[in-house]
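The following text is intended for a reader who meets this structure for the first time. Please keep the sequence and the model at hand while reading.

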Amino acid sequence: MIRVELSKLLRSRRTWTTIALIDALPTLVGVLLAVTDLGPRPGEGPAFLSAVLTDGTLFPLAALAIVLPLFLPIAVSVTAGEAIAGEAAAGTLRYVLVRPVGRLRLLVAKLVAAMAFVVLTVLVVAATAYVVGVALLGDQSVQVVGSTSVSGTSLSTPELVGRTFLALGYAMLCMLGVAAIALFLSTVASSSLGAALGTMSIFVGSSLLLTLDASEAIRDYLPTRYWLAFVDLFRDPILWRDLQAGVILQVAYVAVFFAAAWANFATKDVTD
Amino acid sequence: MSRDTAIRTQGLTKYFGRFEAVSDLSLDVREGDVYGFLGANGSGKTTTVRMLLGLVLATSGEIEVLGRPMPRSGREVLPHVGSMIEGPAAYAHLSGRANLTLFDAMAPRSRRTGRKDRVEETLDRVGLGGVDERPVKNYSLGMRQRLGLAAALLRKPRLLVLDEPTNGLDPQGIRDIRALLLELNADGTTVFVSSHLLAEIEQLCTRVGVLDRGRMVVQEELAVLRAPTGRILLGTPDPDAAIAQLDRLGRSVEQHDGRRLAVRAADAAELNAELVRAGIGVDELSVERRSLEDVVLAATSAGNDTFARPPRAVQDAS
């Protein structure tokens, strides 16, 4: 079933359109930076963006930092929100279940497909950003070896590659959290739009609450609390505290919402 | 009558909230049957079909499909069941071929070897063998219906459960499907068809169950339901003379409508001979049988999608 879901994902024109649109923003940012040479000052604007003018190879990270807070979660909400509700609305859910595809197996396959979408998007974004970064940016670079960490020290290339993969993994875990929430809502809502919007409102609401001093007591449990903690991977030494908390929090969100999705879907009457 | 049962339910009941959609239903479908499941729209047919396939969970009662309990044994049973429930559905942006390939791949333990042949063979079977690669969203209603049937036939099921299979088909399409179902049945497939089209069931089925407001009101062999009523219908150019002659012979004429008479008699040939001997022409002669429509209308109440306001006293009591 997982293979079937993946093949559906890859064959859908919408998948590729979405990825292209997501990819367009960081590319545009890269081109603008290259043309104007006007970077944000260090500490302002999206993470890493101030560094890319001196080192184009950092642009993939900057691109991810641009995409992660908003675009990627929206795309994941839409993809995972469609998982069950979309099949139900198209009428194909009943035919999938009588093949038979077990309900738990279907949920797992849908979650895997959503993650495959994230991986695909992240890879495309990172690859395009690398090309853009190397080709257009970093021409002011006077550096000989390695890149600059956020803390100002130098990072060797293997170190940088390793940390980049860790960062990608962390970002994907955050998106898995979003996908789990969307999947649960998809088993509850009768329209995929409802599930997607519900998920988006959860992380928009969470981001809003994070800016509020009054929400101090619950902020460490909000789903978006540690989303951007992957920046800490590029400090020297790595600042693990927020990353660890973020991993635990996301794993908890995935577990709770996936369990809820299964509990709801396992005994649901499929009447569409 | 010692054939194995294909579908058996006992006391099957389903509530949606406080609404009782299916009530104490006992289905009995045997292997080799072409079973017609009749009922007006909203009488609970589709809910029953969905319960048989494990899509809707029964509130109470037992279901056995191909000798195994459902929905518990769905993994073993459903691969042998092909179904079409409330119209076909497919992934609209993909071609019919791609859809069948996906559906084939979904089934547990489905093998990749021979998948292409299975798909092509099934497409041929439903008359879509020559279809191009256009996406399903550009299919006509009839083509979708055929594709849905193809998806049901993909794994050569022992039991076919079809809900309104001829919906949206033109007369030729209906004839094609009927011929296909009879051919499959001749090869040993049990066919369970639900429909509100009496004529369709009458031409296809060997056994009939009639559902009314969630309850089974009739379940019988079609041949028994359609047994002769004991009357002969005849047409004659000279009805008055015929009535007089029949009176003389002591036969009772029960209906008289212009030049057509309904006469109580067992043997049409004998009746014909009597009249002809008396010089009375007979140009129409048939044994009267109850039509399925008569049976169903006698057994069911008003349509299930009419909701007449109950008298106020009753409303207060409930």
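The paragraphs below treat the interface, the largest pocket, the cavities and some features of the backbone in turn.

The structure is a predicted model. A suitable starting point is the place where its chains A and B meet. Here 28 residues of chain A are in contact with 35 residues of chain B. The area buried between the two chains amounts to about 2500 Å², and carbon and sulfur atoms account for 59% of it. On the side of chain B, three residues deserve attention: B:Leu55, B:Tyr91 and B:Met106 together supply 25% of the area that this chain buries against chain A, more than any other three residues.

The interface also has polar links. Between the chains there is 1 salt bridge. Its partners are A:Asp269 and B:Lys14, whose closest N and O atoms lie 2.6 Å apart. In addition, 14 residue pairs across the interface are in polar contact, both residues of a pair being at pLDDT 80 or more. Several elements of chain B give two or more residues to the side that touches chain A, namely β1 (5-16), α2 (74-77), β7 (81-84), α3 (96-106) and α5 (141-153). Of the elements of chain B, α3(B) gives the most to this side, with 5 residues. Sorted by class, the side of chain B that touches chain A consists of 24 nonpolar, 5 polar and 6 charged residues.

From the interface, the reader may turn to the open spaces of the model. The largest pocket holds about 680 Å³ of space. Its lining comprises 29 residues, and those closest to the centre of the pocket are A:Ser12, A:Arg14, A:Thr15, A:Thr79 and A:Glu82. Helices of chain A take part in this lining: α1 (2-11), α2 (13-36), α4 (71-81), α5 (85-90) and α7 (103-136) each supply at least two residues. The largest share, 6 residues, comes from α4(A). By class, the lining of the largest pocket has 15 nonpolar, 8 polar and 6 charged residues.

Enclosed spaces come next. The count is 3 cavities of 30 Å³ or more. Where does the largest cavity lie with respect to the chains, and which residues line it? Its lining draws on both chains: chain A provides A:Tyr95, A:Val98 and A:Arg99, while chain B provides B:Leu78, B:Pro79, B:Val81, B:Gly82, B:Ser83, B:Ala151, B:Ala152, B:Arg155 and B:Pro157. The volume of this cavity is about 80 Å³. In chain B, β7 and α5 each supply at least two residues of its lining, and β7(B) has the largest share, with 3 residues. These two elements are also among those that give two or more residues to the side of chain B that touches chain A. The classes in the lining of the largest cavity are 8 nonpolar, 2 polar and 2 charged residues.

The second largest cavity has about 60 Å³ of space. Its lining is formed by residues of chain A, namely A:Cys174, A:Gly177, A:Val178, A:Ile181, A:Thr199, A:Ile202, A:Phe203, A:Pro223, A:Trp227, A:Gln250 and A:Tyr253. The helices α8 (157-188), α9 (192-210) and α10 (240-266) of chain A each supply at least two of the lining residues. The contribution of α8(A), 4 residues, is the most given by any element. This lining has 8 nonpolar and 3 polar residues, and no charged ones.

Finally, three places in the backbone merit a look. In chain A, the peptide bond from A:Arg99 to A:Pro100 is cis, with omega near 10 degrees. A:Pro100 is in the loop between α6 (92-97) and α7 of chain A, and A:Arg99 has already appeared in the lining of the largest cavity. In chain B, the peptide bond from B:Met70 to B:Pro71 is likewise cis, with omega near 0 degrees. The loop that holds B:Pro71 runs between β6 (68-70) and α2 of chain B. The remaining place is B:Glu86, which is not a glycine and yet has a positive phi of about 50 degrees. B:Glu86 is found in the loop between β7 and α3 of chain B.

Terms used
Residues are numbered from 1 along each chain as its sequence is written. Chains are lettered from A and ligands numbered from 1 in the order in which they are written. This is a predicted model: local features need pLDDT of at least 70, side-chain atom pairs count only at pLDDT 80 or more; totals for chains, interfaces and linings use all residues. Side-chain values use heavy atoms; hydrogens and water are left out. On a 1 Å grid over the protein atoms alone, a cavity is a set of points where a 1.4 Å probe fits but cannot get out, and a pocket is an open set with protein on both sides within 12 Å along at least five of seven lines; lining residues have an atom within 4 Å of a point. Grid points are joined across faces, edges and corners, and a volume is the space filled by probe spheres set on the points. Ala, Val, Leu, Ile, Met, Phe, Trp, Tyr, Cys and Pro count as nonpolar, Asp, Glu, Lys and Arg as charged, and the others, Gly among them, as polar. Contact means heavy atoms within 4.5 Å. Buried area is the accessible area (1.4 Å probe) that two parts lose on being put together, summed over both. A salt bridge is a side-chain nitrogen of Lys or Arg within 4 Å of a carboxyl oxygen of Asp or Glu. A polar contact is a pair of N or O atoms within 3.5 Å; within protein, one must be able to donate a hydrogen and the other to accept it, and residues adjacent in sequence count only if both atoms are side-chain atoms.
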